[in-house]
Amino acid sequence: MVQQTDEIEAHQPEWPPKRRSPLHAFLESGAAAGVLLVFSAALALIIANSALGPVYFKLLEAKVAGLSILHWINDALMALFFLLVGLEIKREFIEGQLATWSRRALPALAALGGMIAPALIYATLARSDPEALRGWAIPAATDIAFALGVLAILGSRVPVSLKIFLTALAILDDLGAILIIALFYSGDLSLPMLAGAAACLAILIALNLRGVRLLPLYLAIGAVLWFFVLKSGIHATLAGVALALTIPLGGRGKESDEPEHSPLHTLEHRLHPWSSYFIVPVFGFANAGVSIAGMSPSLLLTPVPLGIVLGLFLGKQIGVFGFAWLAVRLGLGTMPAKATWAQLYGVSLLCGIGFTMSLFIGALAFANSAALNDATKIGVLAGSALSAVIGYVVLHLAGRHLVKEDVPVAAIAPQKRAR
């Protein structure tokens, strides 16, 4: 009887319910990270076009331990960002929304379309300029934090199923971006450094297979792996992904069936706030700054920025929505629960927010051309802003008739405890 009473009490809702401060609730939402990213990018633009502009650019070029501060941000800090992305990809494929083929089908096909269509639009516009053509992958990426931040602002106007769909799609999109970086944006390869990286990776895999769960050991070897990859000619951020795939997902001993105790979950939870509130905003601040002095509006009509804007805004919605529609019609995937086609179209628009990953790929594609790099920033900022605003408006209008389901009185009223 005592045990039954304890079980009843354990399931009783707390009364009165605890109230979180608006600031606390905001910081726990995806909206906070998105707003912080927008703020950091806007601040970079303001500073770059003010009297502090020369100081801003000189600071980014300052050398520390042989690398410029910009390189430390793009090669080291972003390696931690890609480590988090890799952890999320592994977790989702093993135990999350991408654990079965039926769950993978719709977001996978939508992500594929969302990479093909923007790349084709960009390549068509830049086909006559071989140097500009190197940026074909820039509009193929989606910024997961930014896009989910917009959905968080919309709240209950968007079904949970669509938020899950967008998360799965963005994760697969990130996986595609990682493959593109590895295959198309690597430099001259150094065989000795590649051998060192391969040795580190082999040790990490062996530790995983032997059941070693000591997270600091993985991170220490991962740091050495990052150094070898940095010097190998492959972009250093890929070391973060490689390390993530070797981090164990199982727990230890009696906790083996409790995934929250696994090294992967532990590292993911520790990295997430650092990524959302420090790494990504710092990256945005360092990479979004572009001086528009002397630039004419006609710049937007040149192949690089125009290809990026049209690729992000038109290509993403055409590819994501078109492939998702085909998948549902052909029976290859199922429509997200309680979602309408208008809402799915709105989410397809949000996929055109390519901010972080697009800027990153642009920096790799045009590392030797400051003019094209600046044009990339203009195109990414314009295309992402347009996609975010129009996507928000469509989802806001599409969800205006949604009402929250009635909550049973018994679930919210104070109840007498069993005695």
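Which residue's side chain meets that of Glu 92 in a salt bridge? The partner is Arg 91, with N and O 2.8 Å apart. Keep that pair in mind while we walk through the chain. The model is predicted.

Start with the whole chain. It has 18 helices and 2 strands. It runs to 419 residues, and buried residues make up 46% of them. Take the contacts between residues at least 6 apart in sequence: 82% of these join residues at least 24 apart. The exposed area is about 20,900 Å². Carbon and sulfur atoms supply 68% of that area.

Now return to Arg 91 and its salt bridges. Arg 91 and Glu 92 are both buried. Arg 91 also forms a salt bridge with Glu 268, and here the closest N and O atoms are 2.6 Å apart. Glu 268 sits in helix α13 (residues 263–287) and Arg 91 in helix α5, so this pair ties together parts that lie 177 residues apart in sequence. How accessible are the two residues of this pair? Glu 268 has 5% relative accessibility, so it counts as buried. Arg 91 has 17%, and because buried means under 20% relative accessible area, Arg 91 falls in that class as well. Together, Arg 91, Glu 92 and Glu 268 are linked in a network of salt bridges.

How many salt bridges are there by this rule? The count is 3. One of them joins the side chains of Asp 173 and Lys 316, again with 2.8 Å from N to O. This pair links distant parts of the chain. Asp 173 belongs to helix α9 (residues 160–184) and Lys 316 to helix α14, and the two are 143 residues apart. Asp 173 is buried, as is Lys 316.

Helix α5 also packs against another helix. Two packed helices are described by the angle between their axes and by the distance between those axes. For α5 (residues 69–95) and α12 (residues 238–246), the axes come within 7 Å. They cross at roughly 35°. The crossing is right-handed. Which residues of α5 meet α12? They are Ala 79, Phe 82, Leu 83, Gly 86, Leu 87 and Lys 90. On the α12 side, the residues met are Gly 240, Val 241, Leu 243, Ala 244, Leu 245 and Thr 246.

Next, look at two buried positions in other helices. Thr 376 lies in helix α17. Its relative accessibility is 1%, so Thr 376 counts as buried. What surrounds Thr 376, leaving aside its neighbours within four places in sequence? The contacts are Ile 138, Val 304, Ile 308, Gly 362 and Phe 366.

Leu 364 is in helix α16 (residues 355–365). At 17% relative accessibility, Leu 364 is classed as buried because the cut-off for that class is under 20%. Not counting residues up to four places away in sequence, Leu 364 touches Arg 134, Ile 181, Tyr 185 and His 235. Consider His 235 in particular. His 235 and Leu 364 are 129 residues apart along the chain, yet their C-alpha atoms are separated by 8.9 Å.

Move to the surface. A nonpolar patch there is formed by Val 35, Ile 153, Leu 386, Val 389, Ile 390, Tyr 392, Val 393 and Leu 397. Together these residues have about 630 Å² of accessible area. Which helix gives the most to the patch? Helix α17 (residues 370–398) does, with 6 residues. That helix also holds the buried Thr 376. Ile 153 of the patch comes from helix α8 (residues 144–154).

Finish with two loop residues. Ala 65 has a phi near 55°, a positive value in a residue other than glycine. Ala 65 is located in the loop between β1 (63–64) and β2 (67–68). Is Ala 65 buried or exposed? Its relative accessibility is 71%, so Ala 65 counts as exposed. Lys 338 also has a positive phi, near 60°, and it too is a residue other than glycine. The loop that holds Lys 338 runs between α14 (303–329) and α15 (341–350). With 66% relative accessibility, Lys 338 counts as exposed.

Note on methods
Residues numbered from 1 in each chain as written. Predicted model: local features only at pLDDT ≥ 70, side-chain atom pairs only at ≥ 80, totals over all residues. Heavy atoms only, no water. Patch = residues over 30% accessible without salt bridge, like charges linked within 9 Å, V, L, I, M, F, W, Y side chains within 5 Å. Areas by Shrake-Rupley, 256 points an atom, 1.4 Å probe, with all protein chains shown as cover. Salt bridge = Lys/Arg side-chain N within 4 Å of Asp/Glu carboxyl O. Helix = DSSP H or I, 4+ residues; strand = E, 2+ residues; numbered from the N terminus. Buried < 20%, exposed > 50% of the residue type's maximum accessible area, 1.4 Å probe, protein only. Axes fitted to C-alpha atoms, helices over the stretch in contact; angles between N-to-C directions. Left-handed = near helix turned anticlockwise from the far one by under 90°. Contact = heavy atoms within 4.5 Å.
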